[in-house]
Amino acid sequence: MEILDILISASFWTAAIRIASPLIFATMGELICERAGVLNLGIEGIMVVGAFAGWMTVYSGYGLWTGVGVAMLSGMLFGLMHGILTVPFGLSQHVVGLGITLLATSLTYFSYRLALPEVTSPPKIEAFQPLPIPILSEIPVIGPALFTQTPLTYLAFVLVLVLSLVLYRTPVGLALRAAGENPSAVDAQGLSVSGIRIGAVMVGSGLMAVGGAFLTMSAFNSFFFEMVNGRGWICIALVVFGAWKPSKALLGAILFAAFDALQIRIQQTPLGANVPYQVFLMMPYLLSILALVVMSRRAEVPAALMVAFNKGER
Amino acid sequence: MRLEPIANPTVTRTLSLPLLALTVTVFVASFLAMLAGANPFSVLGLIIDGAVGSKFAALETLNRATPLIFTGLAVAVAFRARLWNIGAEAQLYAGAVLTVLLGTGALAWPSGLLLPTIAICAMFAGALVLLLPAYLKTRFGVDEVVTTLLFNFVVLLLVSMLLEGVLKDPMGMGWPKSARLIPEARLPRIVEGLRLHWGFGLAIVSAAVVWMIQTRTTLGYEMRAVGLNQKAAQFAGIPVNTVLIKTALLSGGLAALAGFSEVAGLKGNLTLDLSPGFGYTGIIVAMLAFLNPIGVVVSALFVAGIFVGADSMSRAAGVPTYIADIMLATALLLMVLAIMLTRFRIVRE
Amino acid sequence: MAKQSEAQVVLRLDRITKTFGALVANDAVSLDLHKGEVIALLGENGAGKTTLMNILFGHYTADTGSVEVFGQELPPGNPRAALAAGVGMVHQHFTLADNMTVLENIVLGTQPLWRLGFDRSAARARIIKLSGDFGLTVHPDARVGALSVGERQRVEILKALYRDARILILDEPTAVLTPQETDDLFATMRKAVDLGLSVVFISHKLHEVMAISSRVLVLRHGRLVAEVLTEGTDRHVLATLMVGEEVTPPKVADSTAGPALMRLQNVSTADQGSAPGLKSLSLDLRAGQIIGLAGVSGNGQSALADMIGGLTTPLSGTIALENSEPVNWTPRAAVSAGIARIPEDRHKTGTIADFDLTENAILENYSEAPYSRKGWMNWQKAEDFSKHIIDTYDVRCPGPQTRIRLLSGGNMQKLILGRVLEQSPSIILANQPVRGLDIGAVSYVHSRLLDARAGGAAVLLISEDLEEIMALSDVIHVISEGRLSPGFPRGSKTAAELGVWMAGHGFDEEATNAA
């Protein structure tokens, strides 16, 4: 019964949507990369960079949106690096991705230590505040859940809509999907496969970084080590779960976040107190693995995912 | 631009490009150290000095290299067969847990019997951890990169749970750590008085064994064939899935030995910070060694040297310790690029 | 000749030279194409036809020489410029994205990337108009992944026409078509010419070149060796020009078929995506007989080859060997049952590119003595075996330690032949055994197959080249949509009659007659 109570409470859904927000940004970012044919395992590190860059910008006295912009740019920079190494040079996407994650993470921690040498408790910033949308926010349950969020959350939902339109309704979306399915189709029509793929990885990485920035600028309000904590890897699983479609991936992210919010609340019930807390913390990862298994046979993987394209290869 | 294969790369090209990659890495590190207020020209010297400048430093490097050889071998074996095992970290902890389970008094056997038993059981535990992702890959086609990555988190939480539960040291004053191993379960030192244990010897032997398996045995042939061209291997009649499962067992077992060796050789008990990412670093070690098991020993020493040296340098010069990870990530990315460029030339079109 | 020189020159290649390492792919090749004509570029595999057209289209950059389209020199290495100048190319391997519709594939790259949406209905109307004008029926909103090979080719041509191509380059377009579909394609080409387009038709099939072109340019070893008017030549002359020597068809001695070594009865297999599986197929492979399997690619040839080769098991029906019914049908079981398997794709399936010759030579037998004992390899024995193959089958290579990636297709195929024939097989499954090989290697492979037949082996020859099938086979079956025609003894059917079966006609009457 307790669980049912939780499920119909507005605060639960508000939390779920908040937890989903960074995942939505990063999942859409990964989805763009993979739709263009590039698996981006740099996601975990790029989220760390974004979290730090956004937070540091605001901490240094600039505006919140400037922080989001700086986070995005820093992500794109690592995306550019990833793109150059994996697309024209065709290096292993696995190795480069993990290398980017390590590089991005260690550079961030290094910078953090340089910027704040002796801090023990990380300073907080004045973060994004919930912005209730008039009228809509007064709808029971749905209202507070969907319409009393921070602007970044609204942005995440707008992003999914825009991405769906771009992917399926615009020339650049066509080119992107074709690059992930059969790069020579793109090449034969006089478009640059490298350009499209590098561009996709850059934009995708920028979004991953905004997802990271959400953590510092709209959730925890400060930066600390290990804060991304495998969220990037979970987003990769969410892309598979969403069958490489933005709307389904969004649904996956929300479901996942709802489950996460639920386990936090169950932990606080008498029932949850008897179970080691680690069991609850494990759930998101186990759930991701389960999602992968369930979806494994159904999804249409982009045919050229992880296939390098070397023009005029003989 | 596009890439054109070079039929016979020159020796100069083969040597100079990787060397250039390392030089750039040092340059990057020096630059970052300068940002942190250190003298950039002293960086390389301080690192080398910190890694091998004294007997103590050199032994520290060897000790640090030991788990990296194991995880490097684990990754090398798996990647060779194109099984993307990113979960050596989890397998390492599985080995460590088994070591503590059996070595804290559960088996009161003499050393000569107890240590091999623990080692073998630890290998089984590690193998088991990788078996599930390998099974999901071969049975359902689930990408093992993500599953092994996610398992790292799951296993670490499991260890944390055990350390606060059944494995908790009753004398530990509430800290989440295990009881200490009984003396019979400790790996002895190679030379009395020097802080280097037989785990290092085991690592070297393991490298030799893996090399033998890859070059001399039927399984090694199968693993290489599956890794190079799964379709052709299948066509020829190589049981691809069986080979992948066997590879997973070997790889997981090797990674688990890292946990065994760290607990039984160095630490004596299990804590949550047993491994500062040895499993992930194993990927770098294996890649820098071109997945060659003998090369893994060399590259593990190199990577350990960077860690130990950069640690000491950062203390001496007041540079954040994360510089070691930056150096390794830079070296990894530049090295895979350099190796590719030794075999292909860029043609501008 | 006089008439053509008056027509406008729409395309001029001037002394194009291109080398890949030591290989000279094109050696100072020049050609002119006039408005409203079809020229044929004839040459063997590897003669440099495709390279030349890739230079024209900007996929490669020539070392020297220039390309002029409508009097304007094209910048090198820029497909976009070639497209803009009105050059449309239909590649041998289709360049279509399966996950998108026909319309989406066609409009891809034809409008500025950064735009909100595009006018689908206008694009659709234009595609339907072009389809009508050129006789290229295909539904604009169909998913490309669901189309047949013939339809995909129409989409490729529509892609070029949609961009107002004035020059069409068709690279081996008939390799994947039935004779009837080929006729349709020729009709489309004639319509294009009537509408003032010019066409370069690349082929190595002589009768097609004779049928459609007005001029033939012959390439051999990268050099332009002849330019002749189609009217004043014949197939025999062209064949000699193409190969550089008198071509003699393989001599096939008479042979009488022995007992069935393998019997397939009512075998059905699952469809693989758009490729059909086998539909209740029955076939006997007899000792001392070559059975030729004709058909358009993608009609169940792979399904049959995979099943005989042990890669798949039938959903229903039985496989019976000479005196047993195999229980666990795997590649290994097939090899130990004495089946020699020459796979369709020697680069990706037949060999492991980064293994050396020795490692490739034992690929099917590595787990048996003397190469493997108790889990340990005996590399000395393996190397002896690969040296034996190199000597016996005339594999040209620096040595057994050479990585097989560095070998030519012909030498690679010889290694595969040696690997399987040295096991004294009773059944030989040869799937496209000479595709992409030069004439010398082709006749070598054919003579080895004939030798095996003389030695009492049962041979199943799968090929898309009807001429090859007709020259070698004692009995010809046609496969279409996974169904097998009755066996036609040598010489009992003409190519045109077989073509009717290849197009899928005849099977239904067969079924009704049988009932």
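Biologist: In this predicted model, which residues of α11(B) does α3(B) meet?
Modeller: Start from the side of α3(B). The residues there are B:P67, B:L68, B:T71, B:G72, B:A74, B:V75, B:A76 and B:F79. Across from them, α11(B) supplies B:F278, B:G279, B:T281, B:G282, B:I283, B:V285 and B:A286.

Biologist: How many nonpolar residues does the contact of α3(B) with α11(B) have?
Modeller: Sort the contact by class. There are no charged residues and five polar ones. The nonpolar residues number ten.

Biologist: At what angle do α3(B) and α11(B) pack?
Modeller: Helix α11 of chain B covers residues 278–288. Its axis and that of α3(B) are 7 Å apart. The crossing is right-handed. The packing angle is about 65°.

Biologist: How many of the eleven residues of α8(B) are buried?
Modeller: This helix spans residues 218–228 of chain B and is mostly covered. Among its buried residues are B:L219, B:Y221, B:E222 and B:R224. The buried count is nine.

Biologist: Which element of chain C helps cover the buried residues of α8(B)?
Modeller: Chain B contributes to the cover, including α3, α7, α9 and α10. Chain C adds a strand at residues 376–377. That strand is β17.

Biologist: What radius of gyration does chain B have, and why does it agree with a compact globule?
Modeller: Chain B has 349 residues, so a compact globule would have a radius near 20 Å. The C-alpha trace spans about 70 × 60 × 35 Å along its principal axes. The radius of gyration of chain B agrees with the globule value, at 21 Å.

Biologist: What percentage of the residues in chain B is buried?
Modeller: Chain B has 13 helices and two strands. Of its contacts with a separation of 6 or more, 77% join residues 24 or more positions apart. Buried residues make up 55%.

Biologist: Which helix gives the most to the largest nonpolar core?
Modeller: The largest core has 387 residues. Those with the most contacts inside it are B:I323, C:V87, C:V459 and C:L461. The helix that gives the most, with 15 residues, is α10 of chain A.

Biologist: Which serine is in contact with C:L461, leaving aside neighbours within four places in sequence?
Modeller: The contacts of C:L461 include C:I290, C:I291, C:G292 and C:L293. Others are C:A430, C:L449, C:I469 and C:L472. The serine is C:S473.

Biologist: Which helix gives the largest share of the side of chain C that touches chain A?
Modeller: The contact takes 26 residues from chain C and 22 residues from chain A. In chain C, α3 (79–84) and α4 (102–107) each supply at least two residues. The largest share, three residues, comes from α3(C).

Terms used: Residues numbered from 1 in each chain as written. Chains lettered and ligands numbered in written order. Predicted model: local features only at pLDDT ≥ 70, side-chain atom pairs only at ≥ 80, totals over all residues. Contact = placed C-beta atoms within 7 Å. Helix = DSSP H or I, 4+ residues; strand = E, 2+ residues; numbered from the N terminus. Buried ≥ 20, exposed ≤ 12 C-beta atoms within 10 Å, placed from the backbone. Core = buried A, V, L, I, M, F, W, Y, C linked by C-beta atoms within 7 Å. Rg over C-alpha atoms; globule rule 2.2 N^0.38 Å. Axes fitted to C-alpha atoms, helices over the stretch in contact; angles between N-to-C directions. Left-handed = near helix turned anticlockwise from the far one by under 90°. Nonpolar A, V, L, I, M, F, W, Y, C, P; charged D, E, K, R; others polar.
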